[in-house]
Amino acid sequence: MRGFVSISDSELEELGEQLPRYRPDSIAALRRATRFTEPELKRLYRGFKAECPTGVVKEETFKLIYSQFFPQGGKLLR
């Protein structure tokens, strides 16, 4: 069983300030890689920033977001 470390919101904010950020070359590159439209990408980003303003996602928040996109748990449907 894995152990998890619990950190406070202020520690999470500090960590978020120290982590390197991934920045794609352009929205066009994201569109090609994901096949989302530009408005869809912008809407997803605004939603992410609303949920995770520091850019760092807590494990429980990630699970909630993931379960909304993949209600079957990421299992392939046949």
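Which residue forms a salt bridge with glutamate 59? The partner is lysine 63, and the closest N and O atoms of the pair are 3.2 Å apart. Keep in mind as you look around that this is a predicted model. Counting a Lys or Arg side-chain nitrogen within 4 Å of an Asp or Glu carboxyl oxygen as a salt bridge, the total comes to three. Here is a quick tour of them.

**The network in helix α4**

- Glutamate 59 and lysine 63 both sit in helix α4 (residues 59-69), four residues apart, so about one helical turn separates them.
- Lysine 63 also meets the side chain of glutamate 60 in a salt bridge, at 3.8 Å from N to O.
- That second pair is three residues apart in helix α4, which again means a separation of about one helical turn.
- Together, Glu59, Glu60 and Lys63 are linked in a network of salt bridges.

**The pair in helix α3**

- In helix α3 (residues 38-51), glutamate 38 and lysine 42 are four residues apart, about one helical turn.
- Their side chains meet in a salt bridge with an N to O distance of 3.1 Å.

**How exposed the partners are**

- Within the network, glutamate 59 is partly exposed at 34% relative accessibility, and lysine 63 is partly exposed at 43%.
- Glutamate 60 has 57% relative accessibility and counts as exposed, because the cut-off for exposed is over 50%.
- Over in helix α3, glutamate 38 is partly exposed at 32% relative accessibility, and lysine 42 is partly exposed at 38%.

Definitions and conventions
Residues are numbered from 1 along each chain as its sequence is written. This is a predicted model: local features need pLDDT of at least 70, side-chain atom pairs count only at pLDDT 80 or more; totals for chains, interfaces and linings use all residues. Side-chain values use heavy atoms; hydrogens and water are left out. Helices (H or I, at least four residues) and strands (E, at least two) are DSSP runs, numbered from the N terminus. Buried means under 20% relative accessible area, exposed over 50%, partly exposed in between (1.4 Å probe, protein chains only).
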